[in-house]
Amino acid sequence: MEQFSRLIVLVSMLLAGVAYALLAGQVVAGLPWVAAAALLTSYGLAKVSLPLGLTPALILAYLSPALLMVGFGVADYHQILVWLALLAGPIVAAGDWSRWHLPLTWKGPLAAWAVIIAVTWPIIAGREIDFSLIAARTLDTPNGLLGGPPPLTAAWITSVALAQLLAILWLDLLWARFGPERLRRAERAILVPLAISASLGAVAGLYQRYGDINWLNVGDWPSLGRAGGLMLDANSFGTAAAIWAPLSIALVWRLGRPFVLGALFAAVLVAGMWASGSRTALLAAVVGFIAVAIALSHRARAWQARFAPVVLLLVAAVLVLVVATQSDDRSNPLTRVLDILPRAETGGLTRLGDELWNRNGYGIAATAAIADHPATGLGIGAFNQLSTDYFFLSSGAVIPPDNAQNWWRQQIVELGFVGALPSLVFSVIVLFLIGRGYATGTHRDPATVIRGVIVGLGLASLFGLATQHPALLITFVTLLYWLGALVEGGPASPLPSVASRLAWVVVLVIAAVVAAGQWQSAHGNLRVPVRALRVGFPYAYGFSAAENDAALGPVRFTGSYAVGVLRAEHAYFDLTAWPSADAASAPVQVRMWRGDQLIADAESTGTPVRRIIAVPTGQRFLMVAMEASRTSSEGRGLKISGRWIRELPGDATPDIVVP
């Protein structure tokens with residue numbers, strides 16, 4: 001059973017990479033080939049030496065988005081596939097296909113989490129293309145009020161699944177190839193390249209903020225006065241800098257380097273975090289440096305002669321706070337925090353609480369989505385795409401697509417209470433690791449700092465998805481490995497271990513339950529055309545552009561299948577279809593639907609099939625679908641003509657009217 005679960009996850013990860021390349025490759029020219037080259041290169045290097053294979057991905061962790069933008073000549077999030085492929089190569093080359101190497105108390109929830117994602121992402125990605133290869137190539141229809149086209153929506157779903165599968169496999173690889181026994185080697189081969197990458201990104205962010213705000217800084221960030229670093233996103237860049245600012249001090253302690261070296265790296269990274277203007281990054285950094293202060297107090301007796309750098313850092317921090325509070329610059333994170341704090345007026349705290357929970361409407365949308373699908377959720381990566389629609393259904397207003405603004409809420413809204421259970425259980429295990437894991441000797445102070453950084457990320461995750469970017473998710477699980485390897489006896493938890501065959505059956509059953517629930521909703525009210533009908537937005541695929549017919553006026557052609565959700569202009573839609581295939585050899589079966597109601601099922605030898613379809617009471621849109629059993633040599637299935645009419649015409653016989 002364990003081997004089967006492992007095989008499912010590894011195969012699904014590879015399939016997700018292929019699907020992502022094919023879907024996103026429709027808008028990013030050459031992406032599949034560049035990603036394949038990255039995968040093969042890092043795979044080959046890892047076969048020679050694992051650290052050699054890992055170094056390119058780790059050095060580029062926080063730099064690749066901007067470098068890929070330069071290489072491709074355009075900024076597109078989906079280019080992150082190249083970096084994911086770089087990381088996947090060593091995981092495939094050095095990973096174990098037969099069993100999990102995670103600590104015993106981690107294995108059950110993490111394996112279950114991975115299997116759930118592995119078996120459900122194809123359902124969710126398939127749902128977003130309506131399980132149709134035609135829709136998978138359609139770029140001119142939206143999947144939501146403010147949604148992208150079907151293939152790009154499915155690409156986003158696949159990217160989220162791929163990142164999470166890689167993160168769990170990466171954590172397993174760290175325990176398999178390094179573990180606590182080779183921790184020193186891991187610190188040099190894994191943590192040092194990541195710290196260098198974060199520092200280079202911070203230098204770039206400082207140049208953006210205080211040199212040229214438009215240099216490799218895209219989107220709205222330049223107009224907001226915020227630096228996106230080389231991650232092209234100010235919040236992700238700020239979080240990376242906030243993580244590594246305190247960790248750079250812990251790392252120099254572990255490597256036996258002078259403290260001043262860590263202090264210099266920390267200063268650059270703090271400055272980079274400040275340039276990003278990220279409030280959640282500021283929170284994570286503050287908690288991390290509180291942990292540094294605690295660790296320094298532990299070391300005080302041995303450090304009395306070396307407190308000058310610490311004093312300088314504290315003085316610099318005070319100066320930064322004074323300047324920030326007195327400055328007219330509204331983009332720094334402290335000023336942005338002060339702007340949302342409650343004022344003295346009545347109800348200020350209540351409004352702050354509502355703001356922190358509702359988060360500009362995303363909390364409202366998430367609550368509505370959870371109520372709609374409490375058990376198995378909307379599907380991995382789906383809330384970002386559906387948040388606008390659910391907020392509109394709840395309030396009648398529109399917000400841009402975004403996450404649930406809380407990591408645990410995001411898990412529940414996407415996987416449901418059943419599917420999110422493994423990740424929630426693992427969160428409890430991490431809490432016990434932080435609170436009860438005991439480190440001694442030279443491990444103690446670095447472990448204290450790592451605890452602080454993880455706690456800071458946890459607090460930041462109450463107000464956003466601090467680790468949504470794949471590089472940050474990889475960083476987070478790397479920190480879990482680092483802390484787990486430092487504490488005495490390895491990761492500890494009061495929860496029972498998961499090692500029996502029965503437990504592995506439970507893991508697979510949970511995944512099957514979630515997959516079944518999501519399959520049902522994918523063919524129910526979460527099917528894209530059904531969502532379009534429910535929310536109210538036009539949607540169509542499988543139709544040609546309008547062509548002029550001398551007798552009929554504007555007509556369109558379909559392939560073997562087409563579906564459309566049309567804004568209702570009048571009470572009835574008069575729809576006629578002719579087979580495009582040569583019917584001399586055999587009749588063509590023509591089917592039509594209104595919603596999920598079959599309204600025509602007729603054999604045609606070239607004669608038209610006509611239906612006058614009433615718009616259901618209270619609906620602003622009409623959903624129609626049509627299918628032809630055969631297509632012509634040009635791939636055309638039906639020629640259709642449709643028009644809106646106010647009332648039934650005189651030739652409307654009962655057999656063609658759909659009331």
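**Notebook: a nonpolar patch and a buried glutamine**

I began at the surface of this predicted model, where I found a nonpolar patch of about 540 Å² made by Met1, Val418, Leu502, Val505, Val506, Val509 and Val513. I then asked which helix gives the most to the nonpolar patch. I noted that it is helix 22, covering residues 501-522, and that this helix contributes five residues.

From the patch I picked out Val505, which lies in helix 22. Its relative accessibility comes to 30%, and I therefore entered Val505 as partly exposed.

Next I turned to Gln79, which I located in the loop between helix 4 (64-72) and helix 5 (80-94). Is Gln79 buried or exposed? I recorded Gln79 as buried, because its relative accessible area is 2%, and buried means under 20%. Leaving aside residues up to four places away in sequence, I listed the residues that Gln79 touches as Val28, Leu31, Leu68, Met69, Phe72 and Val74.

I closed with the protein chain as a whole, whose secondary structure I entered as 23 helices and ten strands. The chain has 659 residues, and I noted that buried residues make up 56% of them. For the contacts between residues at least 6 apart in sequence, I wrote down that 76% join residues at least 24 apart. Finally, I looked up the area that the protein chain exposes, which is about 26,800 Å², with carbon and sulfur atoms supplying 63% of it.

Technical notes:
Residues are numbered from 1 along each chain as its sequence is written. This is a predicted model: local features need pLDDT of at least 70, side-chain atom pairs count only at pLDDT 80 or more; totals for chains, interfaces and linings use all residues. Side-chain values use heavy atoms; hydrogens and water are left out. Patches are made of residues with over 30% relative accessible area and no salt bridge: like charges are joined within 9 Å, nonpolar side chains (Val, Leu, Ile, Met, Phe, Trp, Tyr) within 5 Å. Accessible areas come from the Shrake-Rupley method with a 1.4 Å probe; for residues, only the protein chains shown count as cover. A salt bridge is a side-chain nitrogen of Lys or Arg within 4 Å of a carboxyl oxygen of Asp or Glu. Helices (H or I, at least four residues) and strands (E, at least two) are DSSP runs, numbered from the N terminus. Buried means under 20% relative accessible area, exposed over 50%, partly exposed in between (1.4 Å probe, protein chains only). Contact means heavy atoms within 4.5 Å.
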